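Biologist: I'm a first-year student and still learning to read structures. Could you take one part of this one and walk me through it closely, strand by strand?

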Amino acid sequence: MPALEEFKAKLARREAVVGSTFMFINNLYTPKTLKAAGLDFMLFDCEHGNFAPESAADMLQMCRACDLPTIVRVQDCEYHCISKCLDVGADGVLIPRTETLEQVQLAVESVRFAPKGRKGAGGIGLLRPGEDAAAFNENRLLVIQIESPKGVQNLDAMLAAYGEEIAGILIGPCDLSIMSGTPLDTGSDIVQSQIREVVATAQKHGKSVGIFMSRTEIPKYLAMGMNFLWCESDMGLMAAGAEALVRTAHPDAAGGAGV
């Protein structure tokens, strides 16, 4: 089964999937390495990282060539931000700061061809081999990111209205903490309560759910009911590998890998 079909099926069944983030490393050998490691997906960050749709295009095409599904976190919920990422080869998009039905409607319209949406046709990476417009509508993934109390409050309504179009929900813990009044304290009672509420709402609608996490947090979030495991970044993975190397050579050395 092609990896994109398997990834979609796992999300639909709420099975565990694991991926990481390209933020800074733009090297065409990297996708093959991460595919061989067994990752289910890679997420390209056009919101906070160094990537823009144009600069991510070659990497997205390499991921497609080595059968590694991709999601791009767009800069904002705007047609030109969303559509362009699909044109250059993304298999899906992550919409940051999702809070309203109007945002989700715009996202759906930007991701789907008519009659479901208003997506324009164009771009060298738009279609996978053998795809037509109907297959494109079925294959591209729309993921929403919940990063505020308003988003938590409105999630049930968003999923009730557009659940068939949404492949999963990811939580942005840092922004959620800031918007909740406990800046960067993601372990605060109010943030943890809202995280649990998002998980419960996602489960109610049968949707995959996850959060940006470190590798050490995976068991905690699996136990909480999450299955969409979005873990660390390219620099964090490199730092962890370097730290493991140093520990092997110098068992008494201290270090700390970044996320």
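Modeller: Let's begin at Leu43, whose bridge partner in S3 is Ile71. One thing to keep in mind throughout is that this is a predicted model. Another pair of facing residues sits beside that one in the numbering: Met42 stands opposite Thr70 in S3. Together, S2 and strand S3 (residues 70–73) pair in the parallel sense, over 4 bridges. As a bit of background, strands of a sheet pair through backbone hydrogen bonds, and the pairing can be parallel or antiparallel.

Now look at the two sides of S3. In a regular strand, side chains alternate between the two faces of the sheet. In S3, Thr70 and Val72 are on one side, Ile71 and Arg73 are on the other, and all of them are buried. Both faces of this strand are therefore covered.

Step back and you can see where S2 and S3 belong. The barrel is closed by 8 strands in the order S1-S2-S3-S4-S5-S6-S7-S8, with parallel pairing. On average, neighbouring strands of this sheet are turned by 25 degrees against each other, direction ignored.

Helices pack on this sheet too. Helix H3 (residues 53–65) touches S1, S2 and S3, and its direction makes about 175 degrees with that of S2. Further along the chain, H7 touches strand S5 (141–146) and S6, and the direction of H7 makes about 150 degrees with that of S5.

In the loop between H3 and S3 you will find Asp67. Its backbone is worth a glance: phi of Asp67 is near 65 degrees, a positive value in a residue other than glycine. Asp67 counts as partly exposed because its relative accessibility is 25%.

Let's go round to the other strands of the barrel. Strand S6 (residues 168–171) pairs with S7 in the parallel sense over 4 bridges, and Gly168 has Ser208 in S7 as its bridge partner. Strand S7 (residues 208–213) is mostly covered, with 5 of its 6 residues buried. S7 also pairs with S8 in the parallel sense, over 4 bridges. There, Gly210 has Phe228 in S8 as its bridge partner.

S8 holds another backbone feature to look at. Glu232 lies in this strand, and phi of Glu232 is near 60 degrees, again a positive value in a residue other than glycine. How accessible is Glu232? Its relative accessibility is 1%, so Glu232 counts as buried.

Next come the aromatic rings, which bring us back to S2. A pair of aromatic rings is described by the distance of the centres and the angle of the planes. A search of the whole structure finds 7 aromatic pairs. In one of them, Phe22 and Phe44 have ring centres 4.8 Å apart and planes at 40 degrees, so this pair is tilted. The pair links distant parts of the chain, with Phe22 in strand S1 (residues 17–22) and Phe44 in strand S2 (residues 41–45), 22 residues apart. Phe22 is buried, with a relative accessible area of 0%, and Phe44 counts as buried at 0% relative accessibility.

Another of these pairs is formed by Phe41 and Phe228. Their rings are 5.4 Å apart centre to centre, with 75 degrees between the planes, and the pair is edge-to-face. Phe41 lies in strand S2 and Phe228 in strand S8 (residues 228–233), so the pair ties together parts that are 187 residues apart in sequence. Both Phe41 and Phe228 are buried. Ring pairs also bring in Phe7, which forms a cluster with Phe41 and Phe228.

Finally, let's return to H7 and see what it meets besides the sheet. The axes of helix H7 (residues 149–162) and helix H9 (residues 189–204) come within 10 Å and cross at roughly 5 degrees. The two helices are therefore roughly parallel to each other. On the H7 side, the contact is made by Pro149, Val152, Leu155, Asp156 and Leu159. On the H9 side, the residues are Gln194, Glu197, Val198, Thr201, Ala202 and Lys204. By class, this contact has 6 nonpolar, 2 polar and 3 charged residues.

Definitions and conventions
Residues are numbered from 1 along each chain as its sequence is written. This is a predicted model: local features need pLDDT of at least 70, side-chain atom pairs count only at pLDDT 80 or more; totals for chains, interfaces and linings use all residues. Side-chain values use heavy atoms; hydrogens and water are left out. Axes are lines fitted to C-alpha atoms, for helices over the stretch in contact, and angles run from 0 to 180 degrees between N-to-C directions. Angles under 35 degrees count as roughly parallel, over 145 as roughly antiparallel, 65 to 115 as roughly perpendicular and the rest as oblique. Contact means heavy atoms within 4.5 Å. Ala, Val, Leu, Ile, Met, Phe, Trp, Tyr, Cys and Pro count as nonpolar, Asp, Glu, Lys and Arg as charged, and the others, Gly among them, as polar. Rings of Phe, Tyr and Trp (its six-membered ring) pair if their centres lie within 6.5 Å; planes under 30 degrees apart count as stacked, over 60 as edge-to-face and the rest as tilted. Buried means under 20% relative accessible area, exposed over 50%, partly exposed in between (1.4 Å probe, protein chains only). Two strands pair if DSSP finds at least two bridges between them.
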